[in-house]
Amino acid sequence: MGSPAPFASIIGPRRTFSRLLHDSRTRIAIVVLLIVALSAVFAPLLAPYDPTAQLDIVRLPSQPPSFAHPMGTDPYSRDVLSRLLYGGRISLSVGLGAVLLAMSFGIAVGAAAGFIGGAVDAVLMRFVDAALSIPRLLVLIMVASLWGSLGLIPLTLLMAGTGWFAVSRLVRAETLALREREFIVAARALGASPTRILVRHVLPNVAAPALVAATLGIANVILLEAGLSYLGIGVRPPTASWGAIIQDGAERVSDLWWLTLFPGLAILVTVFACNALGDALRDAFDPRQLPRGTDATLAKEA
Amino acid sequence: MRRFVAGRLAQAVIVVFLVTTVTFLLVHLAPGDPISVALDKPGVTEAVRQQWRESFGLDRPLGEQYLRWVGNAARGELGWSFSFRRPVRDVIAEALPRTLLLVGLSVVFSFALGIVVAVLQTERPGGHRDRWLGRILLLLYSVPDFWLALVVLLLFAYRVPIFPPSGIVDPVLHDYMSFSGRLADRLRHLVLPVTTLTLLATAAISRHQRSALAEVMPSDWMRTAIAKGLSHRRAVRRHALRNALLPSITLAGLYLPALAAGALFVEKVYSWPGMGLLAANAIVARDYPLITASVLITSVAVAFGALLADVAVAAADPRVRVS
């Protein structure tokens, strides 16, 4: 405690960053995500076999883990380790791509709704409310099953198209709150154009919650993609994806446990890292939350 | 109160309308129509298919088809399931109660468990127990639904075979059991699916319950409670919890879509013949009328559940009605 800290040092960006770096969750998450990302990028160098090659369908199908195949082989005699490494590319690229698109669109819609207000806001937000109450997985299932297995880009677009609702709601709420704040009113009084106010003053303040939402959004998209692949309607076979490897062994879980275990752990570790990073970011950005290690009733002063 | 319910009901109607329209548009934008898929067999000529299209009204203008589809859906006529060779309505009428049983039990259990865990965490925020429970919850929150189901299945139905791996009753012996035996048989089949779904839901509920508690902790009345000599634990249990419970009813409404998705995977893994397994099998069979109907019915059920949750909150908390 000691002398009262100046306001800026409690909520300023530097303090946020140091809070983030001192959080063990951040460090673990970054290390894990780096490993996953690097092994996906360098999959062609790391993978011992071609991920789609059926090595020997007579002697090699459904082999348990061994030296030659550390994660075993699937019923088509393909090497699971190689498929796992290549599968990371699908999960990460769909996750990143879809969330980047969904964020841009969601922020644009949310800022527009909050800033313009009136009928535009009412119509947009009624639509978003309705869309949010439809289970996303069901829409994905409908589209993916009606159109047959999708390619990588249609799948990313589909995930983006069903993923921007929550962000737009969040950004709209922030924009509405900001609109009445003194510094925005002052900017308006000084003659700043609406575009300038939006770009210079509103968007930077919306960045923090949007970043948290994006991190958690990537985790969600990875889970959804795995789920679709598990149902057999994800990325078009024989492309390797984590969910698809599990699907290949799903009919015989009790014999072919390695087809369930390894890709499942890969999904779990990646999604866990994204969620942990999202939690750490949220706590770092939002000092009003319960600080770790302080008495709860003192949180207001902390 | 009446105005609030009316407003919320209007919103639910918009949701249902949106779902019906989107479903209709998707089916018609998709390549190939239901008839070409269902009658994609050697020996069926194009003329026969055309005849079927006419008898199903698929040759009519899109607007007319849309009105007809909305009208039929409103009357509960959901079409013909090609894979079951029965009306979709009958197939769904059998499956829906089974899903409601599974989801209902899981909601009750996960709320009880989730609230207990959140209270245990908040009693000493930042302490050892808080952190470890937080990590476990985050892990459960990150696990793919179907993978958790597969792992539980592998462990408790195959490695240590104490529970049946699939179905709702024993396929052979059930009919020969006494009444209590049948009941026990049904319960035994419920254990693994309900446990899996409960674990998945608890993660989300508990995380939200903890932040709801954290929000009321710095209130003046909490400070008063502690100042007048209540132990921290007692203050959390008697004062904070009561004020932080209401938001979790709203959360239940918001969480329903995710729960429906979780139920789909759990049913698929445990071959639990409810709406989820129906949808999953309909995908494999490319039974479009059944896919669209199960998406529609599930979405309507979710919208209705969320409506109930909001009305319950408004009934309990006058502040919600005013704003």
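**Helix packing within chain B and across the A–B contact**

The crossing of α13(A) and α7(B) is left-handed (the near helix is turned anticlockwise from the far one by less than a right angle; clockwise would be right-handed). This is a predicted model, in which local features need pLDDT of at least 70 and side-chain atom pairs count only at pLDDT 80 or more, while totals for chains, interfaces and linings use all residues. Residues are numbered from 1 along each chain as its sequence is written, and chains are lettered from A and ligands numbered from 1 in the order in which they are written.

**Chain A overall**

- Chain A holds 13 helices and zero strands (DSSP runs numbered from the N terminus: helices are H or I of at least four residues, strands are E of at least two).
- The C-alpha trace of chain A spans about 80 × 50 × 35 Å along its principal axes.
- Of the 302 residues in chain A, 44% are buried (20 or more other C-beta atoms within 10 Å of the residue's own; 12 or fewer is exposed, in between is partly exposed, and C-beta atoms are placed from the backbone).
- Contacts in chain A between residues at least 6 apart in sequence join residues at least 24 apart in 70% of cases (a contact puts two C-beta atoms, placed from the backbone, within 7 Å).

**Confidence in chain A**

- The mean pLDDT of chain A is 82, and 90% of the residues score at least 70 (pLDDT is the predictor's confidence in each residue, from 0 to 100).
- Among the elements of chain A, α1 (residues 7-11) has the lowest mean pLDDT, 45, and α8 (residues 152-161) has the highest, 92.
- Residues 1-10 of chain A have pLDDT below 50, with four contacts in the model beyond near neighbours in sequence.
- Residues 290-302 of chain A also fall below 50, but that stretch has 23 such contacts.

**The A–B contact**

- Chain A brings 45 residues to the contact and chain B brings 48.
- On the side of chain A that touches chain B, α6 (118-132), α7 (136-146), α11 (194-230) and α13 (257-285) each supply at least two residues.
- α13(A) gives the most to that side, with ten residues.
- By class, that side of chain A has 27 nonpolar, twelve polar and six charged residues (nonpolar: Ala, Val, Leu, Ile, Met, Phe, Trp, Tyr, Cys and Pro; charged: Asp, Glu, Lys and Arg; polar: the others, Gly among them).

**α13(A) against α7(B)**

- α13(A) and α7(B) (residues 145-159) pack at about 140 degrees, with axes 10 Å apart (axes are lines fitted to C-alpha atoms, for helices over the stretch in contact; angles run from 0 to 180 degrees between N-to-C directions).
- The two helices are therefore oblique to each other (under 35 degrees is roughly parallel, over 145 roughly antiparallel, 65 to 115 roughly perpendicular, the rest oblique).
- A:Trp257, A:Thr260, A:Gly264 and A:Ile267 meet B:Trp147, B:Leu150 and B:Leu154.
- Five of these residues are nonpolar, two are polar and none is charged.

**α12(B) and its surroundings**

- The axes of α12(B) (residues 275-285) and α13(B) (residues 288-316) come within 9 Å and cross at roughly 150 degrees.
- α12(B) and α13(B) are therefore roughly antiparallel, and their crossing is left-handed.
- B:Met275, B:Leu278, B:Ala279, B:Ala282 and B:Ile283 meet B:Leu290, B:Ile291, B:Ser294, B:Ile297 and B:Thr298.
- That contact has eight nonpolar, two polar and no charged residues.
- Eight of the eleven residues of α12(B) are buried, so the helix is largely enclosed by the rest of the structure.
- These buried residues pack against α7 of chain A, together with α5 (88-122), α11 (246-269) and α13 of chain B.
- Just after α12(B), B:Arg286 has a positive phi of about 50 degrees.
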